[in-house]
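Hi,

Here is the structure I promised to pass on. Have a look at it first, and my notes on what turned up follow below.

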Amino acid sequence: MSSAAFEIHAPGIDTEKIVRDIETSVAKKQEDGFYSDARVARAERSNLAHLRTEDQFLGFYLKCLRDAVYIDISDFEIRERRRGLAPLLVALKKTIWGLLKFYTYRLWSQQNEVNGLLVTAVQGMEEQYSAKIKALEKRIEELEKK
Amino acid sequence: MKKNAHIAFVSPRFAAGATLGGAETLLRKLAEHAAASGCRVTFLATCAENHFTWENSIPPGSKKFGDLEVIYFPVDNDRNTGEFLRAQQAISTGKPVSAEEESVWMKNSVHSRAMYDHLRAEGGKYDAIIAGPYLFGITYAVSQIWPKKTLLVPCLHDEAFAYLSIMQSMFADTAGCLFNSEPEKILAQKIFGMPEAKCRVVGMGMDDFECSPTDFARRHKIDVPYLLYSGRREPLKGTPLLLDYVNAFRLRTGRDIMMVLTGSGDFHAPPELEGHIFDAGFVSEREKHDAMAGAVAFCHPSVNESFGIVLLEAWLAGTPGLVHARSEVLKYQCRKSGGGLWFKSYPEFEEELILLLDNPDLRKNMGQAGRKYVLEIYSWGNIGQRLFEALESL
């Protein structure tokens, strides 16, 4: 069976071209930092295994991760689902949080520091190895020409 | 092979209802079609219905389902599930495992000695034995009994299990393979070095259906555009990825889109998605098709597919697909039909979903292209012809 028999396509719609255009647009936006976003890093967590062979992916992911590692521990709303006692329980939780903040902040700031150092280290390694691989590829190309 | 040949189909399960996995459904549909075309068909399956416990819940023996004669055999109850799971875990990491570990895994997979005894004693009467999917102990054991008349319907995926040496021998020894799609065939040729002469692409016929693009949303009071996923909800099918993507999409773009899921299995959605997910659970075929017809797109985030039945159903409902580019099969179906787009990372998903949301005409045209593709390529007339040509020549 020839594969040509499988070509259907809607009139005037070339999905291959649409995907190609989107890939180009995404590459441009990635360079501009449009997707360097902690929310993107979180969304990609279960996609990492599929993307590890993509050339540009690690660099992009590390950029997103840089925004994700520094967490603001106060950046959440204290809520209560049980409706009846909600105001009272929220006030209680806020008081407990206020009392414990002093201890938690120390742990959190240390963790932030470790996260930041790890990302910097991985990013440094990635840049170093990318440069090395590029130099080697260029060298191979030159040798092949001879 | 004569049209009145006697064919045995072998699958781990055969249920009266439609609650089986994709591979089992496919084997059943092929068997039903072969029987309706004049072949004598005997379907051999285990007495189990539950694919976690493999408890023998159906009485053993023969039963008629239309033109099909189904013979149920009990699952052996002496398998060591602990050893099986340990070996399975080791294999699934992708690290090399010893021949001994492979053998432990296969020995403790699902088997039925009663079925094997039947095939040893009466297998001579079958002109062909069609068995699948490749990952089950039953398929392997059956392929060793009558290798020269066994055809595999492997439903092969690019996963660690496919690279076991035990699989190499199974694919090498059997008479041939009936694949569901070209990329599945190419994968088998890459992994097992299968000669073209032993490979045929058959697939499964798809029946057209009636559906309404408005009924599902009206019944469930959904008044925003929604993305749909149907099938088993589990990490291997990419459900966590899809939920993370939809959540990021809502947060980043500020667009109100809902995620609708049908099917079975637990899932854990990001807390921000609460109130924006509708889990319809296990629904009737009609309900599923209505849900498909009303969706902005049908999203299939799985990378382990050999055919993609639900994507083809969504196209029959006139809805475009959005699939993971790592699934060679789903990408192939989208590329060939013009009915879907593929993404390999979140940014591409975001751009494609925005494009589909903002362009109803594009959605409609892509859905129609998909529908046309399914009706032309996966009509039972075409599939039957491919099946019988394969049986004739392998």
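Strand 10 of chain B sends its side chains two ways: B:M258, B:V260 and B:T262 point to one side, B:M259 and B:L261 to the other, and all of them are buried. That makes five of five residues buried in this strand (residues 258-262), so the rest of the structure largely encloses it. Before you read too much into any detail, do keep in mind that this is a predicted model.

Who are the neighbours of strand 10? On the one hand, strand 9 (residues 226-230) of chain B pairs with strand 10 in the parallel sense, over five bridges. If you want a spot to click on, B:L227 has B:M259 in strand 10 as its bridge partner. To get from strand 9 to strand 10, the chain goes through helix 9 (residues 239-253) of chain B, and this β-α-β crossover is right-handed. On the other hand, strand 10 runs parallel to strand 11 (residues 277-281) of chain B, with four bridges joining the two. There, B:V260 has B:F278 of strand 11 as its bridge partner.

Now for the way chain B is put together. The domain assignment splits chain B into domain 1 (6-205 + 379-393) and domain 2 (215-377). Taken over C-alpha atoms, the centres of these two domains of chain B are 29 Å apart. Where they touch, domain 1 of chain B puts in 16 residues and domain 2 of chain B ten residues. Helix 1 (22-36) and helix 7 (182-192) of chain B are the elements that give two or more residues to the domain 1 side. That side of domain 1 of chain B has five nonpolar, eight polar and three charged residues.

One more piece of chain B to look at is helix 5 (residues 137-145), where B:G137, B:I138, B:T139, B:A141, B:V142 and B:S143 are buried. Its buried residues pack against strand 1 (6-10), helix 3 (99-107), helix 4 (113-122), strand 5 (128-131), strand 6 (150-152) and helix 6 (165-173) of chain B.

Then there is the partner, chain A. Chain A comes out with five helices and zero strands, and 12% of its 146 residues count as buried. Its domain assignment gives domain 1 (1-69) and domain 2 (74-146). Six residues of domain 1 of chain A are in contact with seven residues of domain 2 of chain A, and the domain 1 side of that contact divides into four nonpolar, one polar and one charged. Among contacts in chain A between residues at least 6 apart in sequence, 71% join residues at least 24 apart.

Finally, the place where the two chains meet: 36 residues of chain B are in contact with 30 residues of chain A. Which elements of chain B give two or more residues to the side that touches chain A? They are helix 9, helix 12 (328-337), strand 14 (340-343), helix 13 and helix 14 (360-377). Helix 14 of chain B gives the most, with nine residues. By class, this side of chain B has 17 nonpolar, seven polar and twelve charged residues.

Helix 13 (residues 346-358) of chain B has 13 residues and spans 18 Å from first C-alpha to last, close to the 18 Å expected. Among its buried residues are B:Y346, B:P347, B:F349 and B:L356, along with B:E350, B:E351 and B:E352.

Cheers

Notes:
Residues are numbered from 1 along each chain as its sequence is written. Chains are lettered from A and ligands numbered from 1 in the order in which they are written. This is a predicted model: local features need pLDDT of at least 70, side-chain atom pairs count only at pLDDT 80 or more; totals for chains, interfaces and linings use all residues. The expected span of a helix is 1.5 Å times one less than its number of residues. A residue is buried if 20 or more other C-beta atoms lie within 10 Å of its own, exposed if 12 or fewer, and partly exposed in between; C-beta atoms are placed from the backbone. Domain bounds come from an automatic or database domain assignment. Ala, Val, Leu, Ile, Met, Phe, Trp, Tyr, Cys and Pro count as nonpolar, Asp, Glu, Lys and Arg as charged, and the others, Gly among them, as polar. Two strands pair if DSSP finds at least two bridges between them. A crossover is right-handed if, with the strands pointing away from the viewer, the path from the first strand over the helix to the second runs clockwise.
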